[in-house]
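The following exercises are to be worked through with the sequence and the model at hand. Each task is followed by a solution in steps.

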Amino acid sequence: MGLLSDPNRRRALINLLTRLNAPICVVCYMAGVAWFMGLAFEPFTLRTYMSENAMGSTMVEERFPSGERAVATGREFAAHKKKVSGMPVEWLVKTMQARGLEVYTQRFSRTLPFPDENKERYMVKGTNVYGILRAPRAPRTEALVLSAPCTPGDNNNQAVGLLLGLAQYFRNQIYWAKDIIFLVNDHDLIGMQAWLEGYHHTNTTGMDWSPLQGRGGSIQAALSLELSSDVVTSMDLVLEGLNGQLPNLDLANLFYAFCQKIGVLCTIQGKLQRNDWDSVSGYSHAVQTMMLMVMKQASGRPWGDHGLFLRYHIEAATIKGINSFRQYKTDATTIGRLLEGMYRKLNNLLERLHQSYFFYLMPSLSHFVSIGYYMPAFGLLAVILLPGVLSVLTPLVISHLTGAALYMLPIRFQEMAVEHFPVSETEAVVLTAIAVYTAGLALPHNTHRLLSGEGTEQGWRVLKLVALLYLAVLLGCTALINFSLGFILALTLVPAAAFVTPHVPKVLSAFVLVILSPACTLLFSVFFFQELQEMPVSFLDGWLLYLSVISQGILDHFLYGSLVYPLIALLVYPCWLLFWNILFWK
Amino acid sequence: HYAAAQKQAEPAVLQPTPQPKDDFQEELVVRPLHSGDIYASFQFRTLWETDFMRGNKVSHYRLFPKSLGQVISKFSVRELHISFTQGYWRTMQWGQPYLPSPPGAELWVWFQDSVTDVDATWKELTNVLSGIFCASLNFIDSTNTVQPSASFKPLGIGNVTDHRFLRYATLPREIVCTENLTPWKKLLPCGSKAGLAVLLKSEKLFHSSFHSQAVHIRPVCQDWQCKTTSWELRQTLNVVFDLHNSGQGKREWSLFKMFSRTLTEACPLASSSKIYIDITDNPEQFELSPATSLLSQAMVLGDRRTFSVYDLTQQDTFGSVRSLNLLIRWKSTEGDMLRPLLHAERYVAGYGLQTGEIHTLMYNHHPYRSFPVLLLDSVPWYLRLYIHTLTVTSKGKDNKPSYIHYQPSKDRVRPHLLEMLVQLPPNSVTEVTVQFERALLKWTEYTPDPNHGFYVGSSVISSLVPSTVAMDTNSTRERPLFSSFFPCKEESSYFVRVYTEPLLVNLPTPDFSMPYNVICLTCTVVAVGYGSLYNLLTRSFQIEEPSPGLAKRIANVIRKMRGVPPL
């Protein structure tokens, strides 16, 4: 502390800091990005390990025999599905009852705020069917869930077949200590949302559902199964849930452990694990896997039916069967054994999964980056904002009003827009959103007219101070909850925040500022995501994709309560507008 | 009521015999269930004409277990009911049980009105019982004990109804296993050496869907005039075997398949030893071998049931092979179960770790009769009930309870007690909801496995349910017309107690490795951060000139004399 108590050295330090402010900022920014990229380098990451004792040391044997029969059941299900062109409720009820389960159904209906053109639905009506396997000598206090969505077309029939096959096999075993709920949900996420709301008797999104008749107590863990072929080459694990929430890492460990034991190829983000981490291609593979996770998490949408469980403090993941052109195939019996093993271990749980990490990134299935490792990358970016605070109120309110307009108008004005312009409802919503967003750019002029006077030098300094503090808090909070989203926003907004003053060249700066705005970030993210998935798109296709991503974001918010859209509209966008204001300060 | 039914079936049992003064009976009732499962219910009854009270020293025990006799006299117990249950009775699949019990352990005791300090006696009694039954009953303390005002009335004779002398507690977390079964079997006069108790082998009893064992002690009348009282000890054991877990999945049960034993003799000390098979649905559904000509009719749970009776005291019951292995085989799986008229379920609604809502659903399946039920809820203090949010609705309308007894909780002292008398409209669901807040416990109050959650015991629903026999006033099945016009009072309703499932609630749980981190962090912050900040704030800093050298000092003296500023 001698450093601070000596006024001479204190002055020298401050001088040094003010003099080197710009280079320090640049260095910090570069260091932050470099640190982040380093996270994917294997020697810098930790190997995954099972933290939960109850799942680690105990041995289970997998004996599920009847994969063939499960596939046949899947075909039967497909036939019935085609016959009624939808969910074959009666057949499912009868089949589950024959397998000795307590069967219940739940009806639900939901009118979307505007038509979802990707999935071609507007007024959704459906029925969930679930059967409960009652654990012998357990008092209905704990349950596990295995779900398979009933999707239109020829998809996912094998998943339902395997679910029924497992139900039959599980029913004849004596060792269950938790009830197991076998759920076939209609209309994928909407059905899942209805079922979860019904189970917990809450209503967060204004859905209509009939109350559930049978329950199994508090749900400890859930797996959602997606399987569209009789044989698969690999199993893919999907972790990213609503609002970027992730399940406990032990669930991923469990999946990985059993894939290793049974000898099934397993992937995450559709990427196999590679051993050549020291080569450039190996490293870029890991970066690609991690960046895919970052992009998916940042999007805040549920990337599988499991995503909605996480809100209810239920650890959940989706397991997808992938059938590619690889030689080595895995049959349904093996997948059944994989699931059997996982459920037996989950059945052994004495407590909810809590031992392992909840905040992590995965550059491969066997390695993870914990919160302690990735936060410094964000910290280095955020520290740039602090010297900015050292320098010294006003259009804050107007920026937020614009944000509120961006949040509310698209849905409110869709009917009016459809009347006056030749567009569909979905386009109306998206285009209104973009229009409001763009209209916000004209804000500085209006602000000044309102203020009716020349802005002072001190004025913009105060504004910048407020904006910087705002951004620091906003990004800090976002990164805590959803690291990926926080990081991506920091990557673009922080430079914008750092350089903007009224004294820089106007046209060039305005261009840069627009490039760094949240909407453009999203646009780039769309292209980047396609690139990562090795499916590059042309600009026009990318633009259409961009529009549909916006509409999906809005839909996710209204259907499942995803928070990304309101976050962008109500907080991030107004914050960016403040910087826009500073640039055009007179 | 079932006891009453037994009395009707054998009126000779209660006739006073001067020698001996105690009496032991054993019986097994087997009920094939519609789901293909099978329900077996054992009852062992010891009657003893003695007086434990008024300082009477009883030292000679014959059939009655001495350990329990001493408990009765030492703690002045009037009535004692204790049950240990593993599993949950599935009312909708299995119908009503003969003797209901909640999952875990349940204990309720009526003390004599001579007891002055009931709480202390109760505390001591639970510790003694804990030893006798090898169970964690010592965890019963004031935080989970309540005094129900209406739900638990004495089942024996006696006119004490002041609920100050009643204590009721449940331990929903208690796990029942062989270590509880062995001491229970030791209380029987024949142990598990002879009679029906040879069937009670733990490897089969715990390979089942439901297992419940209980001990009931109460004073009963010795004769019809009720001049003197006897003590009755009833030991019961109920078990349900699962069709799917039993192996081949064929709808066929035998004593051997259920218990991996057959019967060769009755308990020699028993005055009566019988097996009853509920054959009300015979012969349409299943066949029984060996066949018996002895039939018995009884009113059980509001329904007229027919039983085949096997008397184990008769040698010819065992046939030429000297062993009895009853076989029940289903012929068809047709036919519907009579839907239970009353059933209930309970769950926790909401998400997050701050608040929640307890929903209790009570179903009245009677097509046209409404009946009142008594709901008893005992909720631990760490769920802080918002009693102003209590709602009772049936068929979408507010249902006002005619009686409410609510005792608020005291933190770390006593639980919430809520008792309500609610009228259930015919063919309806009545929903009782109440919101609660989850308390943050002190860190030593968490269990060793805090992330498992905390249990809330079952609610108890007691009711007089209109009987199904009274329902079919039109039917003249085996009844003369003159007897069936006015519904007979005894048959018109029957007593049912339904237990809901216990709840598992998660409370906000700290990360227990955190104290270490917090201590380290706090110490660092205090030492470095606060210390230096305090330093900076309280001290003033000045630039101090180093003391000048000798030459400089001399030069300064000269400069001073010249009137020039010093160096």
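**Exercise 1. Disulfide pattern**

Task: Determine which pattern the disulfides of chain B follow when bonded cysteines are counted along the chain.

Solution. The model is a predicted one. Counting the bonded cysteines of chain B along the chain gives the pattern 1-4, 2-3.

Step 1. Over all chains, the count comes to two disulfides. One joins Cys190(B) to Cys267(B), with an S to S distance of 1.8 Å. The other joins Cys221(B) to Cys226(B), also with S to S 1.8 Å.

Step 2. A pair is accepted as a disulfide when its sulfur atoms lie within 2.5 Å. Cys28(A) is in no disulfide, since the nearest cysteine sulfur, that of Cys25(A), is 6.7 Å away. Cys523(B) is likewise in no disulfide: the nearest cysteine sulfur belongs to Cys520(B) and is 6.9 Å away.

**Exercise 2. Geometry and setting of the cysteines**

Task: State whether the disulfide of Cys190(B) and Cys267(B) is right-handed or left-handed, and place its two cysteines in the chain.

Solution. Step 1. The torsion about the S-S bond of Cys190(B) and Cys267(B) is about 65°, so this disulfide is right-handed.

Step 2. Cys190(B) lies in the loop between helix 5 and helix 6 (202–205) of chain B, while Cys267(B) lies in the loop between helix 7 (255–259) and strand 10 of chain B; the pair therefore ties together parts that are 77 residues apart in sequence.

Step 3. For contrast in handedness, take the link of Cys221(B) and Cys226(B), which has -70° about the S-S bond and is left-handed.

Step 4. Buried means under 20% relative accessible area, and partly exposed means between that value and 50%. Both Cys190(B) and Cys267(B) are buried. Cys221(B) has 24% relative accessibility and therefore counts as partly exposed. Cys226(B), at 30%, is also partly exposed. Among the free cysteines, Cys28(A) is buried at 14%, whereas Cys523(B) is partly exposed at 48%.

**Exercise 3. The sheet of 11 strands**

Task: Identify which strands stand at the edges of the open sheet of 11 strands in chain B, and describe what packs on the sheet.

Solution. Step 1. The strand order is 5-6-4-3-7-8-2-1-10-13-12, with mixed pairing. Strand 5 (145–146) and strand 12 (295–300) of chain B each have a single partner strand, so one side of each is left without a neighbour in the sheet.

Step 2. Strand 1 (residues 22–32) and strand 10 (residues 272–278) of chain B pair in the parallel sense over six bridges. In this pairing, Val30(B) stands opposite Ile277(B).

Step 3. Helix 5 (residues 178–186) of chain B packs on the sheet and touches strand 2 (38–48), strand 7 and strand 8 (229–241) of chain B. The direction of helix 5 makes about 30° with that of strand 7 of chain B.

Step 4. Helix 4 (residues 118–133) of chain B lies across several strands, among them strand 3 (77–86) and strand 6 (166–171) of chain B. Helix 4 runs at about 135° to strand 4 (104–111) of chain B.

**Exercise 4. The sheet of five strands**

Task: Establish how many bridges join strand 18 to strand 19 of chain B, and where strand 19 stands in its sheet.

Solution. Step 1. An open sheet of chain B has five strands in the order 15-16-22-18-19, with antiparallel pairing. Strand 15 (342–349) and strand 19 (397–398) of chain B stand at the edges; each has a single partner strand, so one side of each lacks a neighbour in the sheet.

Step 2. Strand 18 (residues 383–394) of chain B is joined to strand 19 of chain B by two bridges, and the two strands run antiparallel. Thr393(B) stands opposite Asp398(B) in strand 19 of chain B.

**Exercise 5. Annotated segments of chain A**

Task: Compare two stretches listed under "transmembrane region" for chain A in an unreviewed UniProt entry.

Solution. Step 1. The residue ranges listed by UniProt include 20–41 and 467–500 of chain A.

Step 2. Residues 20–41 of chain A are 82% helix and 0% strand, and their end C-alpha atoms are 31 Å apart.

Step 3. Residues 467–500 of chain A are 94% helix and 0% strand, with end C-alpha atoms 11 Å apart.

Note on methods. Residues numbered from 1 in each chain as written. Chains lettered and ligands numbered in written order. Predicted model: local features only at pLDDT ≥ 70, side-chain atom pairs only at ≥ 80, totals over all residues. Heavy atoms only, no water. Pairing = 2+ DSSP bridges. Helix = DSSP H or I, 4+ residues; strand = E, 2+ residues; numbered from the N terminus. UniProt positions renumbered as here; feature names shortened; annotations may be inferred. Contact = heavy atoms within 4.5 Å. Axes fitted to C-alpha atoms, helices over the stretch in contact; angles between N-to-C directions. Buried < 20%, exposed > 50% of the residue type's maximum accessible area, 1.4 Å probe, protein only.
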